[in-house]
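User: I would like a close look at a single part of this model, the place where the ligand sits, followed by whatever else in the chain deserves a careful reading. Please take it in one connected account.

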Amino acid sequence: MVTARSTPNIALIKYWGNRNNELRLPAADSLSMSLSSPSVEIDVNFADELTIRSFEADGLRKELTDKHIDRFRKHLELTKNFLKTLGAEHAIPAAVSITIRSAIPSAVGLASSAAVFSCLARAYAALIEPVIALTDMQMSVIGRLGSGSAARSIFGGYVALRTGTGNGIASAIAEQIAPEDHWTLHDIVVIPSKEEKKIGSTEGHSLASTSPFFAARVEAIGTRRQQECISAILARDFEKLQKITEEDALDMHHVMETSTPPLHYLTEDTHRIIKAIEELRISEHVPVLYTMDAGPTVHLLCPSESLQRIRTFAQEQKGCTVFETHAGPGAAIV
Ligand code: DP6
């Protein structure tokens, strides 16, 4: 048996829309910061049949739906297909038993699927190591086959997922841009509502291309945004990072809101928090940026110098839950 641990990541250039939904080949590049917490631990072992047990943050067993189980089954099948392309088709002879222990509070706007599938990819790699030694980039492919953003949580720090070309199973791969100690950015997560989101990312990705603004977004990322974001990170230029990250997050929500059917993830609370942050930046010149994924939660990223001020700001937001984390090391064997 092997055990791995991993965490979610927060995207600075967002992944939204695939060129191949089954293989989760993204339509555009994306870039994220791996988070130091909350974490997920997974035990895996060889088994005759696929079994999955999942435990929540409170230690209670979570009942998995057929849809959940099918996702893991499909992921195992795709992983075997990928291993076949590496000449290691028998590395997982039959199936596996999986035990998930998650410390991620459900529906807080932190992508638990990224943590789970990056963790599982790392664990699978350790399990089959006597047969084949996978590189981190190959593990990112296995992560991506379960959840697109999971490819990025394989690595620590700042990570790019390259869209690549073609429909090959390994054509989109993640790579590290800079390790977590290059720049300690904090993520103060402000959660306005704990309601489960209506439409999950998997369904959302398949609607993205119905927005008339989708093509322009893919183009902007490909020609400019991804590279600008990488440059800002390498130069530790917070102002530049703020501009590009906010532009991309708002653009993604514009695509979501103009797809058919439209997806409205941001709420009045989200807009109120964003507005207050913009005012705070003007009045107090505090370095801080906001970004939102597929939900109303606002991630406030800031360097250490403004952490205390942003912490206070977050605690003042009425009716919101606050969670604090920072740049972290990515998936690892325990
Ligand atoms: C808005 O990776 O969660 O958080 O592959 O269906 O699991 P699946 O999608 P997922 O999509 C992430 C969407 C996002 C942006 C991002 O993290 O890049």
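Which polar side-chain atom lies 2.9 Å from an oxygen atom of the ligand?

Analyst: The model is a predicted one, and the atom in question belongs to Arg152, whose polar side-chain atom lies 2.9 Å from an oxygen atom of the ligand. A second arginine takes part as well, since an N or O atom in the side chain of Arg24 is 2.7 Å from a ligand oxygen, while Tyr15 contributes through its backbone, with an N or O atom placed 2.8 Å from an oxygen atom of the ligand. On its own the ligand has 450 Å² of accessible area, and the protein covers 97% of it.

The shell that provides this cover consists of 17 residues, and the closest of them are Arg24, Ser147, Gly148, Ser149 and Thr202. By class, the shell divides into 5 nonpolar, 7 polar and 5 charged residues. Helix 5, which spans residues 201-207, gives the most to the shell, with 3 residues. Because domain 1 (2-179) and domain 2 (185-326) both give residues to the shell, the ligand lies between them.

Gly204 offers a way from here to another part of the chain: its C-alpha is 9.6 Å from that of Pro261, although the two are 57 residues apart in sequence. Pro261 lies in the loop between helix 7 (238-257) and helix 8 (268-284), and the peptide bond leading to it from Thr260 is cis, with omega near -5 degrees. With a relative accessibility of 42%, Pro261 counts as partly exposed. A cis peptide bond also joins Ser37 and Pro38, with omega about -5 degrees, and Pro38 is found in the loop between strand 5 (30-34) and strand 6 (40-47).

These bonds merit a careful check in the backbone, as do two residues with positive phi, given that most residues other than glycine have a negative phi and most peptide bonds are trans. Arg236, which is not a glycine, has a positive phi of about 50 degrees and lies in the loop between helix 6 (214-234) and helix 7; its relative accessible area of 46% makes Arg236 partly exposed. His285 has a phi near 55 degrees, again a positive value in a residue other than glycine, and is found in the loop between helix 8 and strand 13 (289-291). At a relative accessible area of 67%, His285 is exposed.

Another histidine, His299, is found in strand 14, residues 298-303, and is buried, with a relative accessible area of 1%. The side chain of His299 is joined to that of Asp187 by a polar contact of 2.8 Å.

The cysteines complete the account. The count of disulfides comes to 0, and for Cys320 the reason can be followed directly: its sulfur is 17 Å from the closest cysteine sulfur, in Cys302, which is too far for a bond, since a disulfide requires the two sulfur atoms to lie within 2.5 Å. Cys320 nonetheless counts as buried, at 16% relative accessibility, because the cut-off for that class is under 20%. Cys119 is buried too, with a relative accessibility of 0%.

Methods. Residues numbered from 1 in each chain as written. Predicted model: local features only at pLDDT ≥ 70, side-chain atom pairs only at ≥ 80, totals over all residues. Heavy atoms only, no water. Near = heavy atom within 4 Å. Polar contact = N/O pair within 3.5 Å; in protein donor to acceptor, adjacent residues only side chain to side chain. Areas by Shrake-Rupley, 256 points an atom, 1.4 Å probe, with all protein chains shown as cover. Helix = DSSP H or I, 4+ residues; strand = E, 2+ residues; numbered from the N terminus. Nonpolar A, V, L, I, M, F, W, Y, C, P; charged D, E, K, R; others polar. Domains from an automatic or database assignment. Buried < 20%, exposed > 50% of the residue type's maximum accessible area, 1.4 Å probe, protein only.
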